[in-house]
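User: I would like a close look at one part of this structure, the pocket and what surrounds it. Please take me through it step by step.

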Amino acid sequence: MRTSTITVRLPLEVLHEIERLSEITRLRPSVLCAYVLQDKLHEWVQDYVEKIAKEIGERK
């Protein structure tokens with residue numbers, strides 16, 4: 001599988017939580033974030049699309 005790098009700005013408290021959880025799971029923070037993003041991306045996009053569709057419907 002090919003991968004690429006992205007840069008994300010996170011509040012320090014979120015970064016600390018990621019670091020804590022990466023120690024527990026014994027995954028690098030970047031790998032942990034990649035797994036979370038992969039697992040949740042479809043759900044987040046679907047929720048966002050539904051939200052936007054609702055907002056557009058209310059504007060008409």
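Analyst: A helix here is a DSSP run of H or I with at least four residues, and helices are numbered from the N terminus. With that in hand, Thr-5 can be placed in the segment before α1. The model is a predicted one.

Start with that segment. Thr-5 has a relative accessible area of 74%, and since exposed means over 50%, it counts as exposed. Along the sequence, Thr-5 and Ser-30 are 25 residues apart, while in space their C-alpha atoms are 9.5 Å apart. Val-8 also lies in the segment before α1. Its relative accessible area is 52%, so Val-8 is exposed. A second pair gives another distance: Val-8 and Lys-54 are 46 residues apart along the chain, and 28 Å separates their C-alpha atoms.

Now the pocket itself. The largest pocket has a volume of about 770 Å³. Its lining is made of 23 residues, and those closest to the centre are Ile-6, Ser-30, Cys-33, Ala-34 and Leu-37. Ser-30 is thus a residue that we have already met, as the partner of Thr-5 in the 9.5 Å distance. Both α1 and α2 supply at least two residues each to this lining. The most comes from α2, which gives 11 residues. Sorted by class, the lining holds 16 nonpolar residues, 5 polar ones and 2 charged ones.

Next comes the surface. A nonpolar patch of about 1,000 Å² is formed by Ile-6, Val-8, Leu-10, Leu-12, Val-14, Leu-15, Val-36, Leu-37, Leu-41, Trp-44, Val-45 and Val-49. The elements that contribute two or more residues to this patch are α1 and α2. Here too α2 gives the most, with 6 residues. One of the patch members, Val-45, lies in helix α2. Val-45 is partly exposed, because its relative accessible area is 43% and partly exposed covers the range between 20% and 50%. Two names link the patch with the pocket: Ile-6 and Leu-37 belong to the patch, and they are also among the residues closest to the pocket centre.

The two helices also carry salt bridges, and the structure holds 2 of them. In one, the side chains of Arg-20 and Glu-17 meet at 2.8 Å, N to O. Arg-20 and Glu-17 are 3 residues apart in helix α1, which covers residues 12-25, so about one helical turn separates them. Both ends of this bridge are partly exposed: Arg-20 has a relative accessible area of 41%, and Glu-17 has one of 35%.

The other salt bridge joins the side chains of Lys-40 and Glu-43, at 2.9 Å, N to O. These two are 3 residues apart in helix α2, residues 29-59, and so they too are separated by about one helical turn. Lys-40 counts as partly exposed at 32% relative accessibility. Glu-43 is likewise partly exposed, at 38%.

To put the part together: α2 gives the most to the lining of the largest pocket, gives the most to the nonpolar patch, and holds the salt bridge partners Lys-40 and Glu-43. Helix α1 supplies at least two residues of the pocket lining and holds Arg-20 and Glu-17.

Note on methods:
Residues are numbered from 1 along each chain as its sequence is written. This is a predicted model: local features need pLDDT of at least 70, side-chain atom pairs count only at pLDDT 80 or more; totals for chains, interfaces and linings use all residues. Side-chain values use heavy atoms; hydrogens and water are left out. A salt bridge is a side-chain nitrogen of Lys or Arg within 4 Å of a carboxyl oxygen of Asp or Glu. Buried means under 20% relative accessible area, exposed over 50%, partly exposed in between (1.4 Å probe, protein chains only). On a 1 Å grid over the protein atoms alone, a cavity is a set of points where a 1.4 Å probe fits but cannot get out, and a pocket is an open set with protein on both sides within 12 Å along at least five of seven lines; lining residues have an atom within 4 Å of a point. Grid points are joined across faces, edges and corners, and a volume is the space filled by probe spheres set on the points. Ala, Val, Leu, Ile, Met, Phe, Trp, Tyr, Cys and Pro count as nonpolar, Asp, Glu, Lys and Arg as charged, and the others, Gly among them, as polar. Patches are made of residues with over 30% relative accessible area and no salt bridge: like charges are joined within 9 Å, nonpolar side chains (Val, Leu, Ile, Met, Phe, Trp, Tyr) within 5 Å. Accessible areas come from the Shrake-Rupley method with a 1.4 Å probe; for residues, only the protein chains shown count as cover.
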